[in-house]
Amino acid sequence: MKRSLGVCYYPEHWPEEIWALDAQQMVETGLTWVRIGEFAWSRLEPQPGQFDWGWLDRAIATLGTAGLKVILGTPTATPPRWMLDKYPDMLARNSAGEVRKFGSRRHYCFSHAAYRDEARRITRLMAERYGAHPSIAAWQTDNEYDCHDTAISYSAHAKHAFQDWCAQRYQSPQALNAAWGNVFWSMEYDSFDQLDLPNQTVTEPNPSHVLAFRRFSSDQVVLFNRVQCDEIRKYSDRPIIHNFMGRITAFDHYDLGADLDISSWDSYPMGFLLDRVGADETAQAHYLRQGDPDFQAFHHDLYRATSSGRWWVMEQQPGPVNWAPWNPAPLPGMPRLWAWEAFAHGAETVCYFRWRQAPFAQEQMHAGLLRPDRSPAPALAEAAQVAKELAEVPDVGTAKAPVALVFDYDSAYAWESQPQGADFDYFQLVFDCYRALRRAGLSVDVVPKSVDPSAYEITFAPGLLTVPESLQGGLVVAGPRAGSKTEEMTIPDGLGPDITGLSTKVTFVESLPPFAPMTLAGGGAFIKWREALETTDTVILHLEEGAPAAVRNGQMIYIAGWPDAAGWRRILEMLAEQAGLDLMDLPPDLRLRETDSHRFWFNYGPRTVTYQHITLPAAAVHWEANNANRKLWTDGRWARGSKNFPAL
Ligand code: GAL
């Protein structure tokens, strides 16, 4: 597939006289896509029912005439100020019950039905007007659902919608009481309208209540998005995209992605490193100007799984951002590397954010491809280089990865509702496993729990709340905490793990503070979490003190703790031969991604790295034909690769 580049542009921020020059320079840089419109509601409908489409007509015409393909965003992340006069109660409330006011963006509650109708209305008007326009080549719905923690609202509208949601799910208050165990602390309800949201309780709320509320909140986001998709599809056959964010577990991206044609996400590697990766200070210092070597790749692999497999990077960091605690500049080469990494993971298109740095408002300190004075910022030349390389490089293939890693949003909600240890974080658990797989040189498919394990050499499912019957038929590594609860967040009859094929019970669990890991016999350790087992399955790993640490029955393996990096490595080594996987031991800064046509190497480090035949300077990427004797997934099975690719 031919890959392409684009950019995010805000014609409403600039004098009309320079739009044509901007468009021309975008084309000269080698960009083919331009995203516009997603925050422009106050300029499209300055007063309720009074529209000014003229400027947008002209902007689209200018960009289209220059040869650019336009992605048009619906402006629903920024309702104009007059909307609040109409609906003063449309604002979301945080868990303290405080209003999240006007004056930035994303100031709406997903459960406010009248605002949802306003979003439907403006979407319909845009789709009617531009749906068949020859220059409109794709749509973006809203902008980054849940950015700034906005998916979860504790408003009165949310409360009433939650009561309805519970009435539909449980049918009777008695069934709800039974499902949640509300006999505990006399929390029983007689009717659904007594039900409140799980905030501001004296001590912690019932985790089943929280889990239900999190599922409900996710459904509200999915509904809000679906309303827009339905309107667009009435008038337009162009693909619909939404731009997800990094480390967001407030809604189910698989559910939402099912309504999209293309998933995309916004990748800010250096901002993320300092504000959400969870790296320690040494790692932050080492990767300060490059970003974490696995965080971007993880999201590429995750979001690839959330729609039909088509995915983009809608916003790519070009230079310093404005929103992290500190905002350094990338090493020269990183804006190019990040784009190539996305292509190596299957992205169709990477759009840089943004064309020109704004001289005003919240993001005036955020770099663009151009400086505010219109001259080139450092990333412009890198974007041009990537565009040139894309034109020269033969198509970048995609490939099924040999190993799968389950990521499940219900599990994220569940362990947030009752972590049982201060640092038990589901995202972190899955991400640790991902990092270990990547250090071993493996390409990974992140998958939903409905995956068929027979299609992979190994499927990993750490921390999976409930383990479906369908997770059988291939080598599966589950645990810790997998299958330890029912769908309603109670302990299953007969104890967990509730996993078909295992004759193992968890008799008790311990969460472990950072200073008290438990060593595994032979190397590695459990950190944060360990479980005591009663088992007749084969014990394949022990704690140093003698207790079972991992068991196996046929193709099912259960790990009774949270392995550290050395622990994951040992588990991989135990399974590699049977799974037919060749493990590498990559230097910490080097990463590899294989497609059916290429093998890509990325140096995320600040210094030159040497490994096998590869010598890569800092921030460099290298690709070569993937004609190694590797295994390929063809005709429903793995076989040694027979494809021969021309040398590059
Ligand atoms: C994204 C957002 C953009 C812009 C950018 C700045 O989260 O979608 O509108 O704010 O961050 O880095």
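## Close-up views of a predicted model

**View A. C109 stands without a bonding partner: the closest cysteine sulfur, in C166, is 15 Å from the sulfur of C109, too far for a bond.** As with every view here, what you see is a predicted model. A disulfide requires two cysteine sulfur atoms within 2.5 Å, so the 15 Å between C109 and C166 rules out a bond here. C109 also counts as buried, because its relative accessibility is 2%.

**View B. C8 and C351 are not joined by a disulfide either, as their sulfurs are 5.6 Å apart.** C351 holds the cysteine sulfur closest to that of C8, yet the distance is still too far for a bond. With a relative accessibility of 1%, C8 counts as buried. If you go looking for disulfides elsewhere, the structure holds zero of them.

**View C. The ligand sits among residues that include F39, R105, N143 and E144.** Also surrounding the ligand are M245, D266, Y268, E315, W323, F353, E363 and H366. Sorted by class, this shell has five nonpolar, five charged and two polar residues.

**View D. Side chains of R105, E144 and E363 each have an N or O atom by a ligand oxygen.** For R105, the distance from a side-chain N or O atom to an oxygen atom of the ligand is 2.9 Å. The corresponding distance is 2.5 Å for the side chain of E144, and for that of E363 it is 2.3 Å. On its own the ligand has 310 Å² of accessible area, and the protein covers 98% of it.

**View E. Strand β21, residues 598-603, pairs with both β20 and β24.** Take β20 to begin with: this strand spans residues 590-594 and pairs with β21 in the antiparallel sense over five bridges. Three residues lie between β20 and β21, and the two strands form a hairpin. One bridge to look for joins L592 to W601 in β21. Strand β24, residues 621-625, also pairs with β21 in the antiparallel sense, over five bridges. Here R599 has E624 in β24 as its bridge partner.

**View F. The side chains of β21 point two ways, and all are buried.** In a regular strand, side chains alternate between the two faces of the sheet. In β21, H598, F600 and F602 point one way, while R599, W601 and N603 point the other way. The strand is mostly covered, with six of its six residues buried.

How values were computed: Residues are numbered from 1 along each chain as its sequence is written. This is a predicted model: local features need pLDDT of at least 70, side-chain atom pairs count only at pLDDT 80 or more; totals for chains, interfaces and linings use all residues. Side-chain values use heavy atoms; hydrogens and water are left out. Buried means under 20% relative accessible area, exposed over 50%, partly exposed in between (1.4 Å probe, protein chains only). Helices (H or I, at least four residues) and strands (E, at least two) are DSSP runs, numbered from the N terminus. Two strands pair if DSSP finds at least two bridges between them. A residue is near a molecule or strand if one of its heavy atoms lies within 4 Å of it. A polar contact is a pair of N or O atoms within 3.5 Å; within protein, one must be able to donate a hydrogen and the other to accept it, and residues adjacent in sequence count only if both atoms are side-chain atoms. Accessible areas come from the Shrake-Rupley method with a 1.4 Å probe; for residues, only the protein chains shown count as cover. Ala, Val, Leu, Ile, Met, Phe, Trp, Tyr, Cys and Pro count as nonpolar, Asp, Glu, Lys and Arg as charged, and the others, Gly among them, as polar.
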